[in-house]
Amino acid sequence: MQFEIFLVSASYVSNRKFAALAETLVAAKETPCDVVRLEHQGDHMFNALDRALANGATRVVLRPIGIPFSQSLRKWVPNAAADWLTRQPAHQVKLAIAADLDEDQELLKLVANRPYRAEQIAPKIDGMNGKGWDEPPVYEHHLLVCTGPRCHMRGSFGLLEPLKAAVQQAGLGSKCLIASTGCLFPCNNGPVVVHYPKGDWYQLNSEQDVAKFVDDVLIHQRTSPLRLPFAPTPAEPSPEKAMLHANE
Ligand code: FES
């Protein structure tokens, strides 16, 4: 049985909007399918692949949706899926990835010429400024939680809310600014969290890790075994590099 998994890459989309899109796609599709996000929140592709297999899929097609779709994700997703394949019993399932939608000239023609609803925009002074967007909030700890695609597929989507809850529970809600970010680069060590002002990196894999991180790092300010062995960032430049910059 063939199963299709729609892949959505859109960080700034609320869970509600994504759920509505997923519901519409599943209802419109006449054959078995699933819809997952590649970043930020929500379930990830590996779980969707596991579910497809559990439901008897013998062939799964990954279908990137979005025009245009991220070129770096288009390159990486087949490799991540191939990695998943190595963990399945031999030849149990075939995997494929569909071509990007922007290769479909007919679809682009359809999009360009479809009737649409439009809302009038009236002049608004300071329309681009928002309430409370003038200054950074006052805080002691700044946590950057990577929800980029590779950390997402390693489970970061399950950490953000527990982290916020644990910080609140520790009474540090007003002292801690938590921001979800795109890729921070050490993806192979994900899901990663960076703690400023110290600039230390951590790998948090579970809610237990989140609780330990809050206890070790934020409450007791001691070294945690969850810390990754990276130099704190920003790193001190080497003497050679410092010299180079001085001469620039
Ligand atoms: S996706 Fe998190 S470090 Fe790259």
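**Exercise 1. Find which residue stands opposite Leu62 in β4, then place this pair in its sheet.**

*Solution.* Leu62 stands opposite Ile97 in β4. Keep in mind as you work that this is a predicted model.

Step 1: look at the pairing between the two strands. β3 and β4 are joined by 4 bridges and run parallel.

Step 2: widen the view to the whole sheet. It is an open sheet of 4 strands in the order β2-β1-β3-β4, with parallel pairing. β2 and β4 (94–97) are the edge strands, each pairing on one side only. On average, neighbouring strands here are turned by 20° against each other, with direction ignored.

Step 3: see what packs on the sheet. Helix α1 (residues 15–28) does so by touching β1, β2 and β3 (59–65), and its direction makes about 160° with that of β2. Helix α3 (residues 71–86) packs on the sheet as well, touching β1, β3 and β4; the angle between its direction and that of β4 is about 175°.

**Exercise 2. Work out how many bridges join β1 to β3, and how many join β1 (residues 2–8) to β2.**

*Solution.* Take one side of β1 at a time.

Step 1: towards β3, there are 7 bridges, and the two strands run parallel. As an example, Glu4 has Val61 as its bridge partner in β3.

Step 2: towards β2, there are 5 bridges, again in a parallel arrangement. Here you can pick out Val8, whose bridge partner in β2 is Arg37.

Step 3: check how covered β3 is. Of its 7 residues, 5 are buried, so β3 is mostly covered.

**Exercise 3. Decide whether Asp34 is buried or exposed, and describe its surroundings.**

*Solution.* Start with the location: Asp34 sits in strand β2 (residues 33–37).

Step 1: apply the cut-off. Buried means under 20% relative accessible area. Asp34 comes out at 15%, so this residue counts as buried.

Step 2: look for a polar partner. The side chains of Asp34 and Arg51 are joined by a polar contact of 2.9 Å.

Step 3: list the other neighbours. Leaving out residues up to four places away in sequence, Asp34 touches Phe3, Glu4, Ile5, Phe6, Ala48 and Arg51.

**Exercise 4. Identify which residues have the most contacts inside the largest nonpolar core, and which element gives the most to this core.**

*Solution.* The largest nonpolar core has 22 residues, and those with the most contacts inside it are Ile5, Leu7, Met45, Leu49, Val60 and Leu62.

Step 1: assign the contributors. At least two residues of this core come from each of β1, α2 (45–54), β3 and α3. α2 gives the most, with 6 residues.

Step 2: zoom in on Leu49. This residue is found in helix α2. With a relative accessible area of 0%, Leu49 is buried. Beyond four places in sequence, Leu49 touches Ile5, Val60, Leu62, Trp84 and Leu95.

Step 3: return to Leu62. Setting aside neighbours within four places in sequence, its contacts are Ile5, Leu7, Met45, Leu49, Val77, Ala81, Ala96, Ile97 and Ala98. There is also a second, separate core of 19 residues, which includes Val145, Leu163, Val214 and Leu218.

**Exercise 5. Explain why α4 counts as lying largely in the open, and look at the residues around this helix.**

*Solution.* Count the buried residues of the helix.

Step 1: α4 has 9 residues and the number buried is 0, so the helix lies largely in the open.

Step 2: inspect the N-terminal end. Asp104 caps α4 there, with a side-chain oxygen 3.1 Å from the backbone nitrogen of Glu106.

Step 3: move on to the loop between α4 (105–113) and β5 (141–146), where Pro115 is located. Pro115 is exposed, with a relative accessible area of 68%. The C-alpha atoms of Pro115 and Leu226 are 53 Å apart, and the two residues are 111 residues apart along the chain.

**Exercise 6. Summarise the whole protein chain: how many helices and strands does the secondary structure come to?**

*Solution.* The chain comes to 8 helices and 8 strands.

Step 1: take the extent. Along the principal axes, the C-alpha atoms fill a box of roughly 60 × 55 × 50 Å.

Step 2: take the burial and surface. Of the 248 residues, 35% are buried. The accessible surface is about 15,800 Å², and 55% of this surface belongs to carbon and sulfur atoms.

Step 3: take the contacts. Among those between residues at least 6 apart in sequence, 73% join residues at least 24 apart.

Terms used
Residues numbered from 1 in each chain as written. Predicted model: local features only at pLDDT ≥ 70, side-chain atom pairs only at ≥ 80, totals over all residues. Heavy atoms only, no water. Buried < 20%, exposed > 50% of the residue type's maximum accessible area, 1.4 Å probe, protein only. Polar contact = N/O pair within 3.5 Å; in protein donor to acceptor, adjacent residues only side chain to side chain. Contact = heavy atoms within 4.5 Å. Pairing = 2+ DSSP bridges. Axes fitted to C-alpha atoms, helices over the stretch in contact; angles between N-to-C directions. Core = buried A, V, L, I, M, F, W, Y, C linked by side-chain atoms within 4.5 Å. Areas by Shrake-Rupley, 256 points an atom, 1.4 Å probe, with all protein chains shown as cover.
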